[in-house]
Amino acid sequence: MKITIFGTGYVGLVTGTCLADVGHEVLCMDVDAEKIARLEAGEIPIYEPGLEDMVKANVGEGRLRFTTDPATAVAFGTLQFIAVGTPPDEDGSADLQYVLAVAETIGRHMTDEKVVVDKSTVPVGTADRVRETITGVLAERGQNLDFEVCSNPEFLKEGAAIEDFTHGARIIVGTDSERVKALMRECYAPYIRLQEKLMFMDVRAAELTKYAANAMLATKISFMNEIANLAERLGADIEQVRRGIGSDPRIGYQFIYPGCGYGGSCFPKDVQALARTAGDVGYQAELLGAVEAVNQRQKGTLFSKLVRAFDGDLEGRTIGLWGLAFKPNTDDMRDAPSRTLMEALWAAGARVKAYDPEAMGECRRLYGDHKELELVEDRAEAVQGADALVICTEWKAFRSVDFAWLKAQLAMPVIVDGRNLFEPEAVKAHGLMYYAVGRGDSL
Ligand code: UGA
């Protein structure tokens with residue numbers, strides 16, 4: 001099957017590569033010529049485990065190709081996936097300019113029947129706007145070609161995107177057209193097990209499913225963070241509570257890890273966009289507002305704990321930081337809790353010595369010239385002579401620590417752990433002060 005993907009960002013590149021890997025012929029289009037040139041040379045602009053090898057293999061086989069030419073891209077695929085960004089605009093709603101620009105491109109160059117697939121995370125009603133845009137351009141051209149627009153939201157987690165694409169919980173397709181159903185079945189047919197999880201529904205239901213799923217997961221996290229904060233004040237251990245409630249299959253163990261707040265390019269943006277969509281139709285979404293507010297507060301807890309540990313004075317202190325990415329296995333720092341922390345520390349007159357296994361380049365890009373930031377080579381250097389260690393990301397490489405060694409490195413024996421990596425008793429036994437999230441008297 002011939003497939004065109006518009007957008008070679010995270011979603012577009014993973015989708016295109018995975019579809020090529022099962023034998024489809026895929027052409028990825030991007031307006032960024034430099035990015036396309038690098039991709040053609042097998043250079044991947046993002047960090048995603050396994051993706052680089054897969055891109056190289058499929059480019060080598062000739063199944064995965066790239067272009068910057070819109071006419072070639074539109075002519076190529078029966079399916080035209082839109083997988084471009086939908087960044088939040090000032091009021092928190094999703095900015096659709098890139099999505100609609102692709103719709104316009106498709107309308108401009110189309111010469112035969114196409115199926116347009118919305119893969120980008122877009123507000124309910126966007127498929128209608130894409131359809132109107134294409135119809136408008138076709139009318140300008142004096143053409144009356146048939147086309148369909150369906151919704152096929154993505155559920156990829158950064159760091160596990162290939163696994164999520166190939167073994168996801170479901171594939172959602174919003175359409176009422178039998179032709180589209182048949183084509184989408186063909187597209188996903190090579191994923192034999194996944195195929196059984198193909199769900200057809202109305203376009204609007206599919207669009208809302210995407211936001212509802214992310215908002216539900218974000219709600220679970222904010223709920224746990226709220227209970228963790230309460231547990232701290234009540235002298236209860238949230239890790240025991242987590243195991244206690246997770247054992248109920250109605251609650252489940254997933255996404256109930258308390259921490260220093262959720263970040264990334266999806267949860268913060270999608271919760272806000274859904275609240276905004278609710279507002280647009282005259283509905284005040286109370287819960288979504290609370291999920292967002294709890295998360296904002298949670299991102300500030302690491303700093304609050306440091307303030308408490310240093311009796312309100314962080315001026316001139318050096319804080320060692322392990323983990324900059326918003327979660328492990330990615331170099332993404334969008335809305336990462338580490339950023340809230342570093343910015344608060346700098347405002348309080350403290351210095352930061354930071355290490356992350358993958359996000360150093362990204363951090364340099366964001367804050368490189370900040371005079372109170374030192375990016376160091378490894379986790380050991382980050383703590384040498386530091387007044388405290390703060391952990392923002394639960395990278396595997398941070399999980400095993402010789403606490404006697406750590407104590408010897410630190411000028412002050414303070415650890416603030418935003419990911420609850422260690423057992424408080426084990427840390428404290430080495431004479432370290434340990435401030436975790438929701439772990440009873442660790443406050
Ligand atoms: C999320 C969803 O999990 C994907 O299903 C979805 O496709 C994607 O957004 C998207 O809309 O594109 P992602 O943002 O990559 O994926 O990352 P997650 O693994 O969901 O983590 C999000 C944040 O929640 C991270 O900051 C993580 O540290 C935090 N988190 C996660 C917790 O604090 N506690 C948990 O128990 C789980």
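This report covers the ligand shell of a predicted model and two of the positions listed for it in UniProt.

## Ligand shell

The ligand is surrounded by 20 residues. E158, Y257, Y262, G264 and C266 are the closest of them. By class, the shell consists of eleven nonpolar, five polar and four charged residues.

Among the secondary structure elements, helix α10 (residues 203-234) gives the most to the shell, with three residues. Domain 1 (2-201) and domain 2 (203-443) each supply residues to the shell, so the ligand lies between them.

## Annotated positions

An unreviewed UniProt entry lists D30, K35, T86, T121, E158, K269 and R334 under "binding site". These positions span 305 residues in sequence, and their farthest two C-alpha atoms are 24.8 Å apart, so they do not all gather at one spot.

## E158

E158 is on the UniProt list and is also one of the residues closest to the ligand. E158 sits in the loop between β6 (147-151) and α7 (161-167).

E158 has 24 other C-beta atoms within 10 Å; because the cut-off for a buried residue is 20 or more, E158 counts as buried. Leaving out residues up to four places away in sequence, E158 touches Y10, E48, G264, T330 and D332. Of these contacts, G264 is itself among the residues closest to the ligand.

## K269

K269, another position on the UniProt list, belongs to helix α12 (residues 267-280). K269 has 20 C-beta neighbours inside 10 Å, so this residue is buried as well.

Definitions and conventions. Residues are numbered from 1 along each chain as its sequence is written. This is a predicted model: local features need pLDDT of at least 70, side-chain atom pairs count only at pLDDT 80 or more; totals for chains, interfaces and linings use all residues. A residue is near a molecule or strand if its C-beta atom, placed from the backbone, lies within 6 Å of it. Helices (H or I, at least four residues) and strands (E, at least two) are DSSP runs, numbered from the N terminus. Ala, Val, Leu, Ile, Met, Phe, Trp, Tyr, Cys and Pro count as nonpolar, Asp, Glu, Lys and Arg as charged, and the others, Gly among them, as polar. Domain bounds come from an automatic or database domain assignment. UniProt positions are given in the numbering used here, feature names are shortened, and annotations may be inferred rather than shown by experiment. A residue is buried if 20 or more other C-beta atoms lie within 10 Å of its own, exposed if 12 or fewer, and partly exposed in between; C-beta atoms are placed from the backbone. Two residues are in contact if their C-beta atoms, placed from the backbone, lie within 7 Å.
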